[in-house]
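Me: I'd like to learn how to read a protein model, one feature at a time. Could you walk me through this one?

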Amino acid sequence: MAWVLKMDEVIESGLVHDFDASLTGIGQELGAGAYSMSDVLALPIFKQEDSSLPLDDETKNPPFQYVMCAATSPAVKLHDETLTYLNQGQSYEIRMLDNRKMGDMPEITGKLVKSIIRVVFHDRRLQYTEHQQLEGWKWNRPGDRLLDLDIPMSVGIIDTRTNPSQLNAVEFLWDPAKRTSAFIQVHCISTEFTPRKHGGEKGVPFRIQVDTFKQNENGEYTDHLHSASCQIKVFKPKGADRKQKTDREKMEKRTAHEKEKYQPSYDTTILTECSPWPDTPTAYVNNSPSTAPPFTSPQQSTCSVPDSNSSSPNHQGDGVLQTSSEQLQPSATTQETQQWLLKNRFSSYTRLFSNFSGADLLKLTKEDLVQICGAADGIRLYNSLKSRSVRPRLTIYVCQEQPGSSLLQGQQQAAGSGAENGSGTPYVYHAIYLEEMVASEVARKLALVFNIPFHQINQVYRQGPTGIHILVSDQMVQNFQDESCFLFSTVKVENSGGIHIILK
């Protein structure tokens, strides 16, 4: 036992001696020269951690950079995306900068590239219904584009193209080696895509996106090179300047500590890298789905068949006949319901009612629609679904007298009761609905219903006592009794191609 204890003492003394020897000279080394952190970082443990970090030379450099000459908002928090306010229709410069390093992408050196600039929705919900939203905007603003190029002010762009079916995009070719600036004009405002409820709603944000492509083996610009975008809001003219001033004044009232949470306002907006827009950049071919509602233009409409509805309050003598297709039918599919909503200016609710058929929408009560769409649009949608029209101020019934027939006063009254003329044909009257209560409206709607060229009508007379002809004036029309019945005949004017209309 004593031997074991002695062995433990020997081992312990040996370990202490070795530890003391390993510490010998440490203080001398630290005090002998200057302390170097680089020597410490050179240790293997630090080298192992540092080897996982990318080197500066390996950082990927974007080939292009796009800078829009418009100030960013100062009311954007740190780490949030910048927001830029634009005025509707004002030209803004986007500088197209070549950001390549020496030797990068030699295949495009000395060659042209194609860029497509788009204005698109920032909100993911609106992106899903972009086609329907743009079709609704097109229907409300015929002939207008959402985005245009200001070609006279632009520099270095060639072969500019705008596709009539893609109202939110413009494209052009440019040489990265030369100075290039594209001036754009945005014609849509952010509140046009906001559901109207109580007024004063915030407008939806848009995005300006630039996608750049190079030529492939077939000479088509389809090989993607770079994409970048920024967030914008578009106001009516001068509205962006007022909004920028309001944001700046709000920030000036904040404390220094609160200001640290917000980004400073920059004079220009740098577009940040993003994924390419999903549309395939084929050579100026319409890639949008062909699901647009079949809108009928007035030029394509005909009014050769007179109808009593053609002078209803919904037409106001414009010569376009109302058809049953304007009413939503219970048998309408979900797609037909979407088209009906777009045609009747309810594009803001197409996403909300995307799964509704005609029967589903017609089952909603007035209270349901007001709760879903707000008071103004809810009542308008309810009236459109029930085909409610404005009641006319005056209604008269008119029948055209056949040539060769002569009626006495008693016979006219009998005709008004649905009697027949001498040939056995019943007298058919057409309803004329008057809203303006003027003589010219009577002539216009008589021409529309009975297919008479309006420019040939010289005067409208009313046959008075003893057969005298009294000129129909605005005051006379305003004194017509509601639901009065008239027979009328036409008399040719001598020495001219015109006619007079005589109401009896």
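Me: What share of the residues in the protein is buried?

Reply: Keep in mind that this is a predicted model. A residue counts as buried when its relative accessible area is under 20%. Here, buried residues make up 38% of the 504 residues. As for the outside, the protein exposes about 30000 Å², and carbon and sulfur atoms supply 52% of that area.

Me: How many helices and strands are there in the protein?

Reply: The protein has 15 helices and 18 strands. To see how the chain comes together, look at contacts between residues at least 6 apart in sequence: 69% of them join residues at least 24 apart.

Me: Can you show me one such pairing around a single residue? Where does valine 113 lie?

Reply: Valine 113 is in strand 4. With a relative accessible area of 0%, valine 113 is buried, because the cut-off is under 20%. Leaving aside neighbours within four places in sequence, its contacts include Phe172, Trp174, Phe213, Tyr221 and Leu225. One of these, leucine 225, is 112 residues away in sequence, yet the two C-alpha atoms are 9.1 Å apart.

Me: Now the nonpolar cores. Which residues touch the most other members of the largest one?

Reply: The idea is to follow buried nonpolar residues that are joined through their side chains. The largest core has 40 residues, and Ile117, Phe206 and Ile208 touch the most other members. Strand 10, residues 221–235, gives the largest share of this core, 5 residues. There is also a second, separate core of 25 residues, with Ile432, Leu446, Ile457 and Leu503 among them.

Me: What does isoleucine 208 touch?

Reply: Setting aside residues up to four places away in sequence, isoleucine 208 touches, among others, Ile94, Ile117, Val119, Ile184, Val186, Ile232 and Leu271. Arg118, Ser229 and Cys230 are also among the residues that isoleucine 208 touches.

Me: How do I look for empty space inside?

Reply: Rolling a probe the size of a water molecule over the atoms shows where empty space is left. In this model, there is 1 cavity of 30 Å³ or more. The largest cavity holds about 40 Å³ of space.

Me: Which residues line the largest cavity?

Reply: The lining consists of Val119, Val120, Phe121, Glu130, Leu134, Leu146, Asn168, Cys188, Phe193 and Phe206. By type, these are 8 nonpolar, 1 polar and 1 charged. Strand 4 (113–121) and helix 6 (130–140) each supply at least two lining residues, and strand 4 gives the largest share, 3 residues.

Me: Glutamine 133 is in helix 6 too. Is glutamine 133 buried or exposed?

Reply: Glutamine 133 is buried, because its relative accessibility is 2%. Outside its neighbours up to four places away, glutamine 133 touches Phe121, Leu126, Phe193, Ser347, Ser348 and Thr350. Serine 348 is 215 residues from glutamine 133 along the chain, while their C-alpha atoms are separated by 7.2 Å.

Me: And what about a charged side chain: is aspartate 247 buried or exposed?

Reply: Aspartate 247 counts as buried because its relative accessible area is 3%. Aspartate 247 belongs to helix 7, residues 239–252. Beyond neighbours up to four places away in sequence, aspartate 247 touches Ser73, Pro74, Ala75 and Tyr85.

Me: Which residues are buried in helix 9?

Reply: In helix 9, residues 334–343, the buried ones are Thr337, Gln338, Gln339, Trp340, Leu341 and Leu342. Their cover includes helix 6, helix 10 (358–362) and helix 12 (375–385). Just after helix 9, arginine 345 has a positive phi of about 65°.

Me: Where else should I look for a positive phi in a residue other than glycine?

Reply: Try lysine 238, with phi near 75°. Lysine 238 sits in the loop between strand 10 and helix 7, and counts as exposed because its relative accessibility is 55%. Threonine 466 is another non-glycine residue with a positive phi, about 60°. Threonine 466 lies in the loop between strand 15 (457–463) and strand 16 (469–471). At 81% relative accessibility, threonine 466 is exposed as well.

Technical notes
Residues are numbered from 1 along each chain as its sequence is written. This is a predicted model: local features need pLDDT of at least 70, side-chain atom pairs count only at pLDDT 80 or more; totals for chains, interfaces and linings use all residues. Side-chain values use heavy atoms; hydrogens and water are left out. On a 1 Å grid over the protein atoms alone, a cavity is a set of points where a 1.4 Å probe fits but cannot get out, and a pocket is an open set with protein on both sides within 12 Å along at least five of seven lines; lining residues have an atom within 4 Å of a point. Grid points are joined across faces, edges and corners, and a volume is the space filled by probe spheres set on the points. Helices (H or I, at least four residues) and strands (E, at least two) are DSSP runs, numbered from the N terminus. Ala, Val, Leu, Ile, Met, Phe, Trp, Tyr, Cys and Pro count as nonpolar, Asp, Glu, Lys and Arg as charged, and the others, Gly among them, as polar. A nonpolar core is a set of buried Ala, Val, Leu, Ile, Met, Phe, Trp, Tyr and Cys residues joined through side-chain atoms within 4.5 Å. Buried means under 20% relative accessible area, exposed over 50%, partly exposed in between (1.4 Å probe, protein chains only). Contact means heavy atoms within 4.5 Å. Accessible areas come from the Shrake-Rupley method with a 1.4 Å probe; for residues, only the protein chains shown count as cover.
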